[in-house]
Amino acid sequence: MARELAEKGRLAASFFFSRGRGDISHAGVFFTTIATQLAEHVPELGPLISKAIDDHSDIHKQMLRDQWQLLIYEPLENAPMQSKQIVVVIDALDECEGKDDMKLILQLLAQAKNLQTIQLRVFVTSRPEIPILLGFGKMAGETHQDFVLHDIPPLEINHDISVFFQQKLSVVKAEHGLSTPWPDEPTIQLLVERAAGLFIYAATTYRFIQDSADPKEQLSIILSGEYTSASPTENLDKIYTKLLQYSVIGDRPPSKHEALLQSFRQIVGSIVIISDILTIKNLANLLCLRSGEVKKALDSLRSVLNIPKDESQPVRIFHPSFRDFLLDKQRCSDRRFWINEKERHNDLFRHCLQLMSKHLRQNICDIREPGVLITEISKDMIQSAIKADLQYACRYWVYHFQQGNSVEKDSRILQFLMQHLLHWLEVLSLVGEVSEGVLMIASLEKILKVGSSLCFSKSL
């Protein structure tokens, strides 16, 4: 959709939410990003948006409602153009962290119907989460049009999934030199039936079969076991369970099972809850593991994880349904693979604190001249001195502490602040996140119930 609109010259801006991927996992930079793209793609809006930024230099710190009003709505309302239609695409709104933000974004975008000289059309994709449904439910009927994928006739969906299997598995057959009719038509139809209309089921099945020296064996594993037509999600959960049982444990001796499962829960568990994407090397550094150890644990999970050949690129999960499956104790029927979310957050908090305590120091970039402006320091110098794993630890250690919801007051936090408060703030300043540091300190004060004067006096 976005590509088609761009080719027609109607796409003015787009934003893709993705949970656990830094700035695009929350609404903090949503309207500022949309405004930047509008200024670039719609010439009439550029001067108006620039003036709004000049008049409100702290606009990036203001509430979402103010950002919408000042950066987008007012420039659109005052733009010197007639009867122009532009489109904004918002992909995966359900991946936005913050239920209230989801509803607020929809509420604010609905105000576009009041614009007189320009038509703003917003294309939103989302799973039917409660906050999204409530947000649309509060709009007038003529403000939005719904297109529910589940309402597409099953015959059409099944046909598309059948074509997908036929094309993809024919490639696998050619790559492995399989001369026999494989897979036959009844097998294709059985796979389509088990997919139950879910393309993620079909895609995961294909990746599992394709990423193997023996695709016939992989296919037999997929087709083994019981099948239910009661719930498409249940079938998806079953295939995830099979893949994990085969990929993580397989035919390895029972004496090694617990170590393999512990490694899976730590490494994959961190990937599914982490607040930003990291490379294998950066993830290993954060978890105090060897890169080879992390790579070995992930190599067998390519059907559910996107592990790029270029090691400078980050590891991602292919689909949020895998994360949802692992974190839901009811859906993850083989409890050995269930990820205890609070436990993982506490583990990441401890590793963040450990990494920062080890690497933070005064003048981390070794700047020899005092009074140098941050804008005068090259990004290469900052990236070289502050690796991505250390940046991650500095930005998100408080978040992991909050999500871990530890009952005990962790004395290591006070000890860390006493030794490294200024070093930590220096890093945040260098990476452009110092304002977030102030908010993190305020959050810590609320959580730990430690007076600000005590905290700062001891730290300084």
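**Close-up views of a predicted model**

**View 1. The second largest cavity is lined by F30, F31, I34, L38, W68, I72, V88, L109 and L120.** Keep in mind that this model, like every close-up here, is predicted. The space inside the second largest cavity comes to about 50 Å³. Which helix gives the largest share of the lining? That's α2, with four residues. Helix α2 spans residues 30-41, and both α2 and α4 supply at least two residues of this lining. Now sort the lining by class: there are nine nonpolar residues, no polar ones and no charged ones.

**View 2. Here's the largest cavity, with a volume of about 90 Å³.** Ten residues line the largest cavity, and the closest to its centre are R194, Y201, N235, K238 and K242. Helix α11, residues 232-249, gives the most to this lining, with four residues. How many residues of each class line the largest cavity? The split is four nonpolar, two polar and four charged. In total, the model has two cavities of 30 Å³ or more. If you're wondering how anyone spots a hole like this, rolling a probe the size of a water molecule over the atoms shows where empty space is left.

**View 3. The second largest pocket holds about 1,400 Å³ of space.** It takes 33 residues to line this pocket, and the ones closest to its centre are H26, G28, E433, E436 and L439. Which elements give two or more residues to the lining of the second largest pocket? They are α4 (64-78), α5 (99-109), α18 (388-404) and α20 (434-448). You've already met α4 in the first view, where it supplies at least two residues to the lining of the second largest cavity. By class, the pocket's lining is made up of eleven nonpolar, 14 polar and eight charged residues.

**View 4. Three strands form an open sheet with parallel pairing, in the order β1-β2-β3.** Strands β1 and β3 are the edges, since each of them pairs on one side only. Going from one strand to the next, the twist averages 15°. Helix α2 packs on this sheet and touches β1 and β2, and its direction makes about 155° with that of β1. In general, the side chains in a regular strand alternate between the two faces of the sheet.

**View 5. A closer look at the strands shows who stands opposite whom.** Start with β1 (residues 11-16) and β2 (residues 84-91): they run parallel and are joined by five bridges. Follow L11 across to β2 and you'll find its bridge partner, V87. Further along, F15 stands opposite I90 in β2. On to the next pair: seven bridges link β2 with β3 (residues 118-124), again in the parallel sense. Which residue of β3 does Q85 stand opposite? Its opposite number is Q119.

**View 6. Helices α12 and α16 pack at an angle of about 95°.** Helix α12 covers residues 257-273 and helix α16 covers residues 341-359, and their axes are 10 Å apart. Why do we call α12 roughly perpendicular to α16? Angles of 65 to 115 degrees count as roughly perpendicular, so the angle of about 95° makes α12 roughly perpendicular to α16. On the α12 side of the contact you'll find R265, Q266, G269, S270 and I273. They meet E341, R344, H345, D347, L348 and H351 in α16. Sorted by class, the residues of this contact are two nonpolar, five polar and four charged.

**View 7. Two loops each hold a backbone detail that's worth a look.** In the loop between α7 (154-175) and α8 (185-195) sits P183. Is the peptide bond from W182 to P183 cis or trans? That bond is cis, with omega near -15°. Now hop over to A92, in the loop between β2 and α5. The phi of A92 is near 60°, which is a positive value in a residue other than glycine.

Methods:
Residues numbered from 1 in each chain as written. Predicted model: local features only at pLDDT ≥ 70, side-chain atom pairs only at ≥ 80, totals over all residues. Heavy atoms only, no water. 1 Å grid on protein atoms, 1.4 Å probe; cavity = no way out; pocket = protein on both sides within 12 Å on 5 of 7 lines; lining within 4 Å. Points joined across faces, edges and corners; volume = space filled by probe spheres on them. Nonpolar A, V, L, I, M, F, W, Y, C, P; charged D, E, K, R; others polar. Axes fitted to C-alpha atoms, helices over the stretch in contact; angles between N-to-C directions. Parallel < 35°, antiparallel > 145°, perpendicular 65-115°, else oblique. Contact = heavy atoms within 4.5 Å. Pairing = 2+ DSSP bridges.
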